[in-house]
Amino acid sequence: METKPEELSPEQIEAGRKLFSGPCTFMLSAARLDQLPVSELGEIAFAGRSNVGKSSLINALTGKKNLAKASNTPGRTQQLNYFNLGNQLLMVDLPGYGFAQAPENLVRQWQKMIFTYLQGRVNLKRVFLLIDSRHGIKKVDEEIMKMLDAAAVTYQIVLTKTDKISARELQKIISETNEKIKKHGAAHIRLLATSSEKKQGLEELRAEIAGIAQ
């Protein structure tokens, strides 16, 4: 029998609204794992291919236009950028994977750092894995999903840029993605579909994050 995720309640939606109506401030950028902050707060991380829209989504969630700065060149963001969400949770914007305008050895170095972070960060509560709705889950995304499965790190798929495709195409990609999620042990059952530009799906994502903060 197929299990479907329960609908988010009005109370959960309100908790998300309250959390994100409070302060959210940039903390630091870490180029190495020994620069990561020591904190008792839980962490969530945003991961995804380069140019998937991580910075835009963080800005849309917090209602701050330039909180997370997107690079004009995909693959240029090399650091883990930390944000403090109302002293209740830390949010981490991870470097994009799968494409980078940089020397190969540097790309490998970034990837190794990210993988080590994902596998070893004790206070990491959930990874939000962003997937461009126009392209769906690619081979490089599957590799990350398998690695998170092996490390038993819970992750949740967030489709981005849903305003760029038709409603019919969106339903198709949601259906295909849900089928793929079933094959991954650490994947959260609820798929979220968002558009930073049109502010769609943001209150559901805020509610999910508020649940983790609580």
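**Group meeting: strand β3 and helix α2**

Let's start with one pair of residues: T25 stands opposite N84 in β3. A caution before I go on: this is a predicted model.

That pair belongs to a longer match. Strand β1, residues 24–30, is joined to β3 by six bridges, and the two run antiparallel. β3 has a second partner as well. That is strand β4, residues 89–93, again antiparallel, over five bridges. Here L85 has L89 in β4 as its bridge partner.

How many residues lie between β3 and β4 in their hairpin? Three, and G86 in that turn has a positive phi of about 55°.

Now, how well covered is β3? The strand covers residues 80–85, and six of the six are buried, so β3 is largely enclosed by the rest of the structure. Buried here means under 20% relative accessible area. Think about the two faces for a moment. In a regular strand, side chains alternate between the two faces of the sheet. In β3 both faces are covered. L80, Y82 and N84 are buried on one side. N81, F83 and L85 are buried on the other. Note that N84, the residue opposite T25, is in the first of those sets.

Next, helix α2, residues 54–62. Is it enclosed or open? Eight of its nine residues are buried, so α2 too is largely enclosed by the rest of the structure. The buried ones are K54, S55, L57, I58, N59, A60, L61 and T62. Please note K54 at the head of that list; it is a buried residue. Just past the helix comes G63, with a positive phi of about 70°.

Let's step back to the whole chain. The protein has six helices and seven strands. In sequence order the pattern reads α-β-β-α-β-β-α-β-α-β-α-β-α.

What about overall size? The C-alpha trace spans about 45 × 35 × 35 Å along its principal axes. The radius of gyration is 16 Å; a compact globule of 214 residues would come out near 17 Å, so the two agree. Half the chain is inside: 50% of the 214 residues count as buried.

Then contacts. Take those with a separation of 6 or more: 77% of them link residues 24 or more positions apart.

Last, the surface and the charges. About 11400 Å² is exposed, and carbon and sulfur atoms supply 47% of that area. There are 30 positive side chains and 23 negative ones. The centres of the two sets lie 5 Å apart.

That's the tour. Happy to take questions.

Technical notes:
Residues numbered from 1 in each chain as written. Predicted model: local features only at pLDDT ≥ 70, side-chain atom pairs only at ≥ 80, totals over all residues. Heavy atoms only, no water. Helix = DSSP H or I, 4+ residues; strand = E, 2+ residues; numbered from the N terminus. Rg over C-alpha atoms; globule rule 2.2 N^0.38 Å. Buried < 20%, exposed > 50% of the residue type's maximum accessible area, 1.4 Å probe, protein only. Contact = heavy atoms within 4.5 Å. Areas by Shrake-Rupley, 256 points an atom, 1.4 Å probe, with all protein chains shown as cover. Lys, Arg positive; Asp, Glu negative; His and termini not counted. Charge placed at Lys NZ, Arg CZ, Asp CG, Glu CD. Pairing = 2+ DSSP bridges.
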